[in-house]
Amino acid sequence: MSQLRTATAGRRPLVAGAVTCPRPVPGASFRLFLFHHAGGSHLLYRGWETDFPADWEVMLVDAPGRAHLLGERPLDTSEELVGHLRRDLLPWLDRPYAFFGHSMGALVAYELTRRLPGGGGAPAPAWLGLSACGPAGSRDLPRDQRRHLLPDAELRDRIRQVGGTPPNLLDDDDLWRLFGPIFRSDFAVVDTWEPVPGRPPLTVPVSVFGGHQDDLVTPDRLAHWADHARYYLGLHLYRGDHFYLSGQQRSVTRQIVASIRLALRIGGALRAASSTPAPAAGPVSGAAPAPGVASVPGAVS
């Protein structure tokens, strides 16, 4: 890590492999990693770094094939993509950190959390934020509806319907030839994701985010994450569709900060409890709400 910082200390932003850090913070107390959606890049989170505490370092993560990694081959399975990103992120996991991912980024953040701690001595994240992505088992896509298998014209129409992609990228044949393979690879990651069956619930505190009007990943589907997390901190819903983040940055980032601070308190309480003999096990004071409890800041009632 010291060599990474020495080599890049004077750069703004700092770029290393899959990671872009728009506001390097020497001696940062915490790192927050943000993962983008299918077909997207770290630009989804442009400007977010100013909404977080000054002693936090915000790390924007790019999958291969976009942004400064445009020349790299896009990866089309979750196993490949998660393995690739894990290697790039390991040098940055030397202090408390958290993951937040939107859509495909949530899937990637979830799988990375499953693979940490592990080789390399990296600890698990302090918190996991999952946005606009349902857990495996909450839906099954028939083969003829999987997006990475659609003909070009139908795939472009499907992306238009969901929104979040500049129209000129979909309408211009030359641009589509450049970016179409990236969409297909990313959709393949999502459509073919098959997590290991029988996994126990995550022990990392989890918060879930979504849009009230998201027809692609409905609030009902999002609520199923409560079954996959031991410390479930709630479902946070906002006005909007699958790309509800647009125009609601401040509300979302405030909730992320609040959720992380709660997760850090839970982690501290659990560590204290594990080091102090107790007559009987019991709930952690101030820990997560019971599964199914939802908080809805900025929501439409």
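Here are some notes on this structure, which is a predicted model, for someone opening it for the first time.

1. **The overall picture.** Start with the parts list: the protein has 8 helices and 8 strands. Of its 301 residues, 49% are buried. The chain also reaches across itself a good deal: if you take contacts between residues at least 6 apart in sequence, 78% of them join residues at least 24 apart.

2. **The sheet.** The 8 strands make an open sheet, and walking across it gives the order β1-β2-β4-β3-β5-β6-β7-β8, with mixed pairing. At the edges sit β1 (14-16) and β8, each of which pairs on one side only. From one strand to the next, the twist averages 20°.

3. **A closer look at β2 and β4.** Strand β2 (residues 19-21) runs antiparallel to β4, and 2 bridges join them. If you want a residue to click on, take V19: its bridge partner in β4 is V61. V61 turns up again below, among the contacts of F35.

4. **Helices on the sheet.** Helix α2 lies across β2, β3, β4 and β5, and runs at about 155° to β3. Helix α3 packs on the sheet as well, where it touches β3, β5 and β6, and its direction makes about 145° with that of β5.

5. **E79, on helix α2.** Residue E79 belongs to helix α2 (residues 78-89). Is E79 buried or exposed? Its relative accessibility is 57%, so E79 counts as exposed. Its C-alpha atom is separated by 9.4 Å from that of V108, although 29 residues along the chain lie between one position and the other as a sequence separation.

6. **The nonpolar cores.** The largest nonpolar core has 56 residues, and F33, F35, F99 and L128 are the ones that touch the most other members. Which helix gives the most to this core? That is α3 (residues 104-114), with 7 residues. Apart from this core lies another one, of 26 residues, including F30, L34, Y244 and V257.

7. **F35 and its surroundings.** F35 is worth selecting by itself. Setting aside neighbours within four places in sequence, its contacts include Y45, V61, L85, L89, F99 and F100. Also among them are G101, H102 and G105, along with V108, A109 and L112.

8. **The F33–F99 pair.** Searching the whole structure turns up 17 aromatic pairs. One of these is F33 with F99, an edge-to-face pair at 5.8 Å centre to centre, with 80° between the planes. F33 is in strand β3 (residues 30-35) and F99 in strand β5 (residues 97-102), so this pair ties together parts that lie 66 residues apart in sequence. Both F33 and F99 are buried.

9. **The W48–F100 pair.** Why does the pair of W48 and F100 count as tilted? The ring centres are 6.3 Å apart and the planes are at 40°, and an angle that is neither under 30 degrees nor over 60 is classed as tilted. This pair, too, links distant parts of the chain: W48 is in the loop between β3 and β4 (56-61), while F100 is in strand β5, 52 residues apart. W48 is buried at 2% relative accessibility, and F100 is buried with a relative accessible area of 0%. The two rings belong to one aromatic cluster made up of Y45, W48, F100, W127, F209, Y238 and Y244.

10. **Helix α8.** Does the length of this helix add up, and what span should its 27 residues have? At 1.5 Å a residue, α8 (residues 249-275) should span 39 Å, and its end C-alpha atoms are 39 Å apart, so the two agree. Its buried residues include V252, I256, V257, I260, L262, A263 and I266. Among the elements that cover the buried residues of α8 are β3, β4, β5, β6 (127-131), β7 (206-211) and β8 (232-238).

11. **Two alanines to check.** A67 is not a glycine, yet its phi is positive, near 50°. A67 is found in the loop between β4 and α2, and is partly exposed, with a relative accessible area of 37%. A132 also has a positive phi, about 55°, without being a glycine. A132 sits in the loop between β6 and α4 (152-162) and is buried, at a relative accessible area of 1%.

Conventions: Residues are numbered from 1 along each chain as its sequence is written. This is a predicted model: local features need pLDDT of at least 70, side-chain atom pairs count only at pLDDT 80 or more; totals for chains, interfaces and linings use all residues. Side-chain values use heavy atoms; hydrogens and water are left out. Rings of Phe, Tyr and Trp (its six-membered ring) pair if their centres lie within 6.5 Å; planes under 30 degrees apart count as stacked, over 60 as edge-to-face and the rest as tilted. Helices (H or I, at least four residues) and strands (E, at least two) are DSSP runs, numbered from the N terminus. Buried means under 20% relative accessible area, exposed over 50%, partly exposed in between (1.4 Å probe, protein chains only). A nonpolar core is a set of buried Ala, Val, Leu, Ile, Met, Phe, Trp, Tyr and Cys residues joined through side-chain atoms within 4.5 Å. Contact means heavy atoms within 4.5 Å. The expected span of a helix is 1.5 Å times one less than its number of residues. Two strands pair if DSSP finds at least two bridges between them. Axes are lines fitted to C-alpha atoms, for helices over the stretch in contact, and angles run from 0 to 180 degrees between N-to-C directions.
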